[in-house]
Amino acid sequence: MNIDQGSAFGVDVFSVPVARAVVIMYYRKTFIYAALVVILLAGCDGGTEPDGQTPDPLEVVWTYQT
Amino acid sequence: MRIGGYIFFGSDDGTVYCLDEDDGSRVWAFPTGGPVRSDVENFLVSYIYFGSDSGRVFCVDTWTGVARWSYDAGDPVRTTPYFSSASLLYFADTAGDVFCITTGDGDVVWTAQVPAGVESDPYVDAERVYFGCDDGYVYALDADTGADVWSYATGGSVTAPMLKLMEQIIVGSQDGFLYSLDPEDGALNWRYDAGSAIRGAACPRYGADAVFVGTDDGLVVCVDLDGTLLSEFDSGAAVTGAPDGYGPVYAVVFGNHDGRLFQVDDGEEDWRMDVSDSPIQASPANYGDMIFVGADDGVMYRLDPIEEE
């Protein structure tokens, strides 16, 4: 493997079968990250949180016990 | 009551508190000698007024919490004193005594008596003082003399505060009806059957074309000024405080006896939040970007809406 000839993550891009495998792995990670981002956003857009609870619409700024 | 960055409220522990609205720190506390069921009223910013189950009405310096004067009514005063532009203060006690005193030094102008206790906050216009009574009547007295003008019989005690809106006296009764009366002669304009006792004030909708009111069955109904139901929301537990709106919107905020706070718009729930394990009987004070509400466990809350990003 010759890194100087152009490589993706240290893999010889001219080795097609290896490169295809690496690209698939690379995009699989991307899909996983994208899915995580979607899940996180779903928890922040006023919908239900990951635990199924509806987020509080109000923030308790302070309380005073009489 | 909110004045200049401070909030003022009474408690069943017999004290009226002034808190800094930013951090909830106590500025002063004024002991009254009995539970405070009256709201705090303000006059020209400098002084606040409130009644107490001790039987006294107090005038207290807004910023120092020092009493200027107090008036001994003799029996618990649970009505919020109503001040008029003539620098007069109107209130009543649980023995049925009605008072008009001066705001400056608490001198008596007149007194009157009705057959039963009064816990309904009065409304005063240029001519009359209106209030409900435990005997089921709504009374109107001459604001200058205290003389009887008219009375109207409902089917249950009238402890809800009075509202005058678009030349209608609007008040709920524990008979479950919301009444609209003519302020001139007490004639019935209309009544709406809400299904269970009404104890809280009617809240005008933005535009003053309808009112919201809560019921013991947990409903908050919106009724127009012809007595026609516009919307209804079931909160699941009694709503005894008045709903409160803020700004040019139809939405109102209210609490119920499950300790939950709701915002409802046109009969549809915007949101709800479990605030306390104790009932919320009081009316929330809704300022749009902040809401103050007290619960029966003696806790006052400041709650701010969380902005959606």
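In chain B, four strands form an open sheet in the order β13-β14-β15-β16, with antiparallel pairing; strands here are DSSP runs of E of at least two residues, and helices are runs of H or I of at least four residues, both numbered from the N terminus. Two strands count as paired if DSSP finds at least two bridges between them. The edges of this sheet are β13 (123-124) and β16 (148-153) of chain B, each pairing on one side only. Within the sheet, β14 (residues 128-132) and β15 (residues 137-142) of chain B run antiparallel to each other over five bridges, and B:Phe131 stands opposite B:Tyr139 in β15(B).

A word on the model itself helps here. This is a predicted model, in which local features need pLDDT of at least 70 and side-chain atom pairs count only at pLDDT 80 or more, while totals for chains, interfaces and linings use all residues. Residues are numbered from 1 along each chain as its sequence is written, and chains are lettered from A and ligands numbered from 1 in the order in which they are written.

Taken as a whole, chain B has zero helices and 31 strands. Its C-alpha atoms fill a box of roughly 55 × 45 × 30 Å along the principal axes. The radius of gyration of chain B is 18 Å, which agrees with the value near 19 Å for a compact globule of 309 residues; this radius is taken over C-alpha atoms, and the globule rule is 2.2 Å times the number of residues to the power 0.38. Of the 309 residues of chain B, 48% count as buried, meaning that 20 or more other C-beta atoms, placed from the backbone, lie within 10 Å of the residue's own (12 or fewer: exposed; in between: partly exposed).

The domain assignment of chain B gives domain 1 (1-87) and domain 2 (194-309), with bounds from an automatic or database assignment. Their C-alpha centres lie 24 Å apart. The contact between them takes eight residues from domain 1 and seven residues from domain 2 of chain B, where contact requires C-beta atoms, placed from the backbone, within 7 Å.

The largest nonpolar core, a set of buried Ala, Val, Leu, Ile, Met, Phe, Trp, Tyr and Cys residues joined through C-beta atoms within 7 Å, has 95 residues. B:Val171, B:Leu178, B:Ala202 and B:Val293 have the most contacts inside this core. Domain 1 and domain 2 of chain B each supply at least three of its residues. Beyond residues up to four places away in sequence, B:Val293 touches several partners, including B:Leu261, B:Ile280, B:Tyr301 and B:Leu303.

B:Gly10, found in strand β2 (residues 6-10) of chain B, is buried, with 26 other C-beta atoms within 10 Å. Among the residues that B:Gly10 touches, leaving aside those up to four places away in sequence, are B:Val16, B:Val36 and B:Phe50. The C-alpha atoms of B:Gly10 and B:Asp39, 29 residues apart along the chain, are separated by 6.8 Å.

Turning to the two chains, their contact takes 21 residues from chain B and 13 residues from chain A. On the side of chain B that touches chain A, β31(B) gives the largest share, seven residues. Strand β3 (residues 58-65) of chain A pairs with β31(B) in the antiparallel sense over seven bridges, and A:Tyr64 stands opposite B:Met300.
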